[in-house]
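User: Could you take a close look at one part of this protein for me, the core and the strands packed around it? I'd like one connected walk through the contacts rather than a list.

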Amino acid sequence: MEAADRSVRGRHFLWRLLIDKRYQGQGIGREALAQVITLVREDGATELLTSYEPGDGEPWPFYQKFGFVPTGELDDDEIVLRLTFPGQ
């Protein structure tokens, strides 16, 4: 994996989605991300990027369920993910 060039980063980048541990597992994160995805698509985007730090409790399975895939890039040791919106 190579380091991501921040100047190349897409217009729509989800920097962080944090849900307090007390409220995890209640669907709040899923609903929040679904709304972000809707807003980004409505803005005419072709993709949404995000990143995460690998390790215990990492959010990769969460993002994978939405269709995000690794780009092969790293951003400050975080794995960069892309969700592509087909047909836009």
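Analyst: Sure, let's start in the middle. The largest nonpolar core has 14 residues, and the ones with the most contacts inside it are Leu48, Phe68, Leu81 and Phe85. Several elements feed this core: helix 1 (28–42), strand 3 (47–52), helix 2 (60–65) and strand 5 (78–84) each put in at least two residues. Keep in mind that this is a predicted model.

Some context before zooming in. The protein has 88 residues, of which 27% count as buried. Its secondary structure comes to 2 helices and 5 strands, and along the sequence these follow the pattern β-β-α-β-α-β-β. If you take contacts between residues at least 6 apart in sequence, 66% of them join residues at least 24 apart.

Now pick Leu48 out of the core. Setting aside residues up to four places away in sequence, Leu48 touches His12, Phe13 and Leu14, then Val36, Ile37 and Val40, and also Phe68, Leu81, Arg82, Leu83 and Phe85. Three of those names, Phe68, Leu81 and Phe85, sit beside Leu48 among the residues with the most contacts inside the core.

Next comes strand 5. How many of its 7 residues are buried? The count is 5, so strand 5 is largely enclosed by the rest of the structure. Strand 5 has pairings with strand 3 and strand 4 to look at. With strand 3 the pairing is antiparallel and runs over 6 bridges; within it, Ser51 stands opposite Val80 of strand 5. With strand 4 (residues 69–75) the sense is antiparallel too, and 4 bridges make the join. Here Asp75 has Glu78 of strand 5 as its bridge partner. Strands 4 and 5 form a hairpin with 2 residues between them, and Asp76 in the turn has a positive phi of about 50°.

Back to strand 3, where you'll find Thr50. Its relative accessibility is 0%, so Thr50 counts as buried. The side chain of Thr50 reaches the backbone oxygen of Leu14 at 2.8 Å, and Leu14 is also one of the residues that Leu48 touches. Leaving out residues up to four places away in sequence, Thr50 touches Phe13, Leu14, Tyr63, Phe68, Ile79, Val80 and Leu81. So far as shared contacts go, Phe13, Leu14, Phe68 and Leu81 turn up for Leu48 and again for Thr50. For a general picture of strands like these, side chains in a regular strand alternate between the two faces of the sheet.

The aromatics deserve a look as well. A search of the whole structure finds 4 aromatic pairs. In one of them, the rings of Tyr52 and Trp60 have centres 6.4 Å apart and planes at 15°; with planes under 30 degrees apart counting as stacked, this pair is stacked. Both Tyr52 and Trp60 are buried. Another pair is Tyr63 with Phe68: their ring centres are 5.3 Å apart and their planes sit at 70°, so this one is edge-to-face. Tyr63 and Phe68 are buried too. Phe62, Tyr63, Phe66 and Phe68 form one aromatic cluster, so to speak a meeting point with the core, as Phe68 is also listed among the core residues with the most contacts. Away from that cluster, Arg16 lies over the face of Trp15, at 4.8 Å from the ring centre.

Arg16 brings us back to the start of strand 5, by way of Glu78. Glu78 is found in strand 5. Is this residue buried or exposed? Glu78 is buried, with a relative accessible area of 10%. A polar contact of 2.6 Å joins its side chain to that of Arg16. Leaving aside neighbours within four places in sequence, Glu78 is in contact with Arg16, Ser51, Tyr52, Glu53 and Glu73. Tyr52 in that list is the partner of Trp60 in the stacked pair.

Glu53 is the last stop, in the loop between strand 3 and helix 2. Glu53 is exposed, with a relative accessible area of 57%. Beyond residues up to four places away in sequence, Glu53 touches Glu58 and Glu78. The hairpin turn comes back in here: Glu53 and Asp76 are 23 residues apart in sequence and 8.9 Å apart in space, C-alpha to C-alpha.

Terms used
Residues numbered from 1 in each chain as written. Predicted model: local features only at pLDDT ≥ 70, side-chain atom pairs only at ≥ 80, totals over all residues. Heavy atoms only, no water. Core = buried A, V, L, I, M, F, W, Y, C linked by side-chain atoms within 4.5 Å. Buried < 20%, exposed > 50% of the residue type's maximum accessible area, 1.4 Å probe, protein only. Contact = heavy atoms within 4.5 Å. Pairing = 2+ DSSP bridges. Phe/Tyr/Trp six-rings, centres within 6.5 Å; stacked < 30°, edge-to-face > 60°. Lys NZ or Arg CZ within 6 Å of the ring centre and 35° of its normal. Polar contact = N/O pair within 3.5 Å; in protein donor to acceptor, adjacent residues only side chain to side chain.
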